[in-house]
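Trainee: I should like a close look at a single part of this model, the packing of one pair of helices, set in the context of the whole chain. Please treat it in one connected account.

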Amino acid sequence: MTVVTPKTFIGWHRKGFQLFWRMKCQSGRPRIPPELQKLIRQMACDNPAWGEERIANELLLKLGLRVLPRTIRKYLPKLPAAPAGRTRGDQRWSTFLRNHAHSIVACDFCVVATATFRILYVFVVMEHASRRMIHVNATAHPSAAWTLQQLREAIPSDHSYRFIIHDRDAIFSSEFDASVAGLVLRSSKRRFAAQKLTRFAKG
């Protein structure tokens, strides 16, 4: 046995966590080739009604190129700015959040490591207007069924919420959205950055 001071022990633990996260973290995905970037922009210009998911499916089915929709979104042409003196035809994301703040909840996962370096996935549900966390739970093995159960526990039957925001992780699949619709809710998707919006509309 070795007797050390608490400061030394905490220092060892801190260094262990630094090494642990350095091994876990990656530097990010490499950029796709310039030719593929140009092809994505050309497809978007030639087909204005196509979104990133449609372009990803076309690349996969016709060219055998597997590119994530989130990656394609980075290379889509930017929407032109509204002419001077005229308003935009769509609603800005910031405007939507401000107008519907009291009707929005957001949910997401974060990752934590225990003292024994065990990975846990923490699911958090938060009110957008008040930033109040209305539900928190953790699991070592998250699934769509488990996540749906957390939403059932977080959102009461007499809720006044209309929208829930979550990202496009695979756990929030179309089957998950269909299950949310089964809670006497109607789902619709809206893409802003890497977020997905699901509408809560009773009846």
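Mentor: The account below begins with the model as a whole, turns to the helix pair, and then takes up several single residues.

This is a predicted model, in which local features need pLDDT of at least 70 and side-chain atom pairs count only at pLDDT 80 or more, while totals for chains, interfaces and linings use all residues. Residues are numbered from 1 along each chain as its sequence is written, and side-chain values use heavy atoms, with hydrogens and water left out.

The protein has seven helices and six strands, where helices (H or I, at least four residues) and strands (E, at least two) are DSSP runs numbered from the N terminus. Their order from the N terminus is α-α-α-α-α-β-β-β-α-β-α-β-β. Of the 203 residues, 32% are buried; buried means under 20% relative accessible area, exposed over 50%, and partly exposed in between, with a 1.4 Å probe and protein chains only. Contact means heavy atoms within 4.5 Å. Among contacts with a separation of 6 or more, 51% join residues 24 or more positions apart.

The mean pLDDT, the predictor's confidence in each residue from 0 to 100, is 78 for the protein, and 79% of the residues reach 70 or more. Confidence is highest in strand β3 (residues 133-139), at a mean of 93, and lowest in strand β5 (residues 191-192), at 41. The pLDDT is below 50 over residues 185-195, a stretch that nevertheless has 39 contacts in the model beyond near neighbours in sequence. Where pLDDT is low, the predicted coordinates should not be read in detail.

Now to the helix pair. Two packed helices are described by the angle between their axes and the distance between the axes. The axes of helix α2 (residues 34-46) and helix α3 (residues 52-63) come within 11 Å and cross at roughly 115°. These axes are lines fitted to C-alpha atoms over the stretch in contact, and angles run from 0 to 180 degrees between N-to-C directions. From α2 the contact is made by Leu36, Leu39, Ile40, Met43 and Ala44, and from α3 by Ile55, Glu58, Leu59 and Leu63. By class, this contact has eight nonpolar, no polar and one charged residues; Ala, Val, Leu, Ile, Met, Phe, Trp, Tyr, Cys and Pro count as nonpolar, Asp, Glu, Lys and Arg as charged, and the others, Gly among them, as polar.

Next come two loop residues. Most residues other than glycine have a negative phi. Phenylalanine 117, however, has a positive phi of about 65°; this residue lies in the loop between β1 (104-113) and β2 (119-127) and is partly exposed at 31% relative accessibility. Arginine 131, in the loop between β2 and β3, has a positive phi near 60° and is exposed, at 52% relative accessibility.

Two buried residues complete the picture. Glutamine 150, in helix α6 (residues 144-154), has a relative accessible area of 2% and is therefore buried. Leaving aside residues up to four places away in sequence, glutamine 150 touches Phe123, His135 and Asn137. Glutamine 150 and asparagine 137 are 13 residues apart in sequence, and their C-alpha atoms are 7.7 Å apart. Phenylalanine 172, in the loop between β4 (163-167) and α7 (174-181), is also buried, with a relative accessible area of 2%. From phenylalanine 172 to leucine 148 the C-alpha distance is 9.2 Å, across 24 residues in sequence.
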